[in-house]
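Hi,

Here is the structure I promised to pass on. Have a look around first, then read my notes below.

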Amino acid sequence: MKIETPKMPKNLSNRIAFEHRIESEDEFSLGMISDCTIEDQRAHKVSFEKVIFQNVTFTDTALTDIEFTDVIFEKCDLSNVNFNGATIHRTEFRNCKIIGIDLMGATLRNVLFDHCLGDYATFRFSNFKQVIFQDCSLVSADLYTCTLQKVDFNATNIDRAQLSSTKLDGIDLSDCAFMQLGVGVEDLQGCIISRGQASVFAELFGLVVKE
């Protein structure tokens, strides 16, 4: 599946420094944020457009209803950051740690997660369209009651992920690794799995597969 990539200007060299508190409805654009820590920030409806984050660590930060448009995160640590209600469009997360990130109720359009560690991430009630997880770990991630439209899970570990009340029609899990999943029988209709995974699903629902 092809998705739209971030639309970035050439030679983006402007540096954005965070030496002050981020205020609600602040807007940041056309710049790079690198080799720093963004910590102890609390704000609402902050927006970032055409911004590159490189080697940035987020600590004790809650930026709810945040907006990212044409943004790249590269080798960043967003573990446990609160982006509840985020709107994320044409954004890439490359080699990032997103352990325990809170994206509950988020809207994601044309988003790439590439080689990201996202165990225990919360996507509950989020809406995904044109989203790719590539070589990621989503162990024990929460995707309860999500809307998935054109979402790819490629070579991704989703063991013990919670997918209850999330319709998986047309979603291909055949390339995923898992031993347990939180999922309902009614949600699996139309889901694509490999022959080898069939026995795992049988065990999930208490069936005995006879050799």
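Let's start with a small puzzle: is D187 buried or exposed? With a relative accessible area of 3%, D187 counts as buried. Before going further, please keep in mind that this is a predicted model.

**Salt bridges**

D187 has a charged partner: its side chain meets that of K167 in a salt bridge, at 3.6 Å from N to O. D187 sits in the loop between β11 (181-182) and α1 (198-204), while K167 sits in the loop between β10 (161-162) and β11, so this pair ties together parts that are 20 residues apart in sequence.

How many salt bridges does the structure hold? The count is 10. One of them joins R90 and D70, whose closest N and O atoms are 2.6 Å apart. Here strand β6 (residues 87-94) supplies R90 and strand β5 (residues 67-74) supplies D70, so to speak, and the two residues are 20 apart along the chain. Both R90 and D70 are buried.

Another salt bridge is the one between K97 and D77, with 4.0 Å between the closest N and O atoms. This pair also links distant parts of the chain: K97 is in the loop between β6 and β7 (107-114), and D77 is in the loop between β5 and β6. K97 is partly exposed, at 39% relative accessibility.

Some of these bridges share partners, and in that way E4, K50, D70 and R90 are joined into one network.

**Cysteines**

I also went looking for disulfides. Searching the whole structure turns up 0 of them. Take C146: the nearest cysteine sulfur belongs to C191 and is 14 Å away, and C146 is in no disulfide. C146 is buried, at 5% relative accessible area.

And why does C191 not form a bond with C176? The closest cysteine sulfur to that of C191 is the one in C176, but it is 8.8 Å away, which is too far for a bond; a disulfide needs the two sulfur atoms within 2.5 Å. C191 is buried too, with a relative accessible area of 17%.

**A charged patch on the surface**

Which residues form a negative surface patch? They are E25, E27, E49 and E67. If you want to find E25, look in the segment before β1 (27-39). E25 is exposed, its relative accessible area being 58%.

**Two backbone angles to check**

Now for something about the backbone. Most residues other than glycine have a negative phi. N95 is not a glycine, yet its phi is positive, at about 50°. You will find N95 in the loop between β6 and β7, and it is partly exposed at 44% relative accessibility.

H115 is a similar story: its phi is positive, about 55°, although it is not a glycine. H115 belongs to the loop between β7 and β8. At 43% relative accessibility, H115 is partly exposed.

**One last loop residue**

Where is S137? S137 is in the loop between β8 (127-134) and β9 (147-154). Despite being in a loop, S137 counts as buried, at 15% relative accessibility. Its C-alpha atom is 9.8 Å from that of A121, and the two residues are 16 apart along the chain.

That's everything I have for you. Happy exploring!

How values were computed: Residues numbered from 1 in each chain as written. Predicted model: local features only at pLDDT ≥ 70, side-chain atom pairs only at ≥ 80, totals over all residues. Heavy atoms only, no water. Buried < 20%, exposed > 50% of the residue type's maximum accessible area, 1.4 Å probe, protein only. Patch = residues over 30% accessible without salt bridge, like charges linked within 9 Å, V, L, I, M, F, W, Y side chains within 5 Å. Areas by Shrake-Rupley, 256 points an atom, 1.4 Å probe, with all protein chains shown as cover. Lys, Arg positive; Asp, Glu negative; His and termini not counted. Charge placed at Lys NZ, Arg CZ, Asp CG, Glu CD. Helix = DSSP H or I, 4+ residues; strand = E, 2+ residues; numbered from the N terminus.
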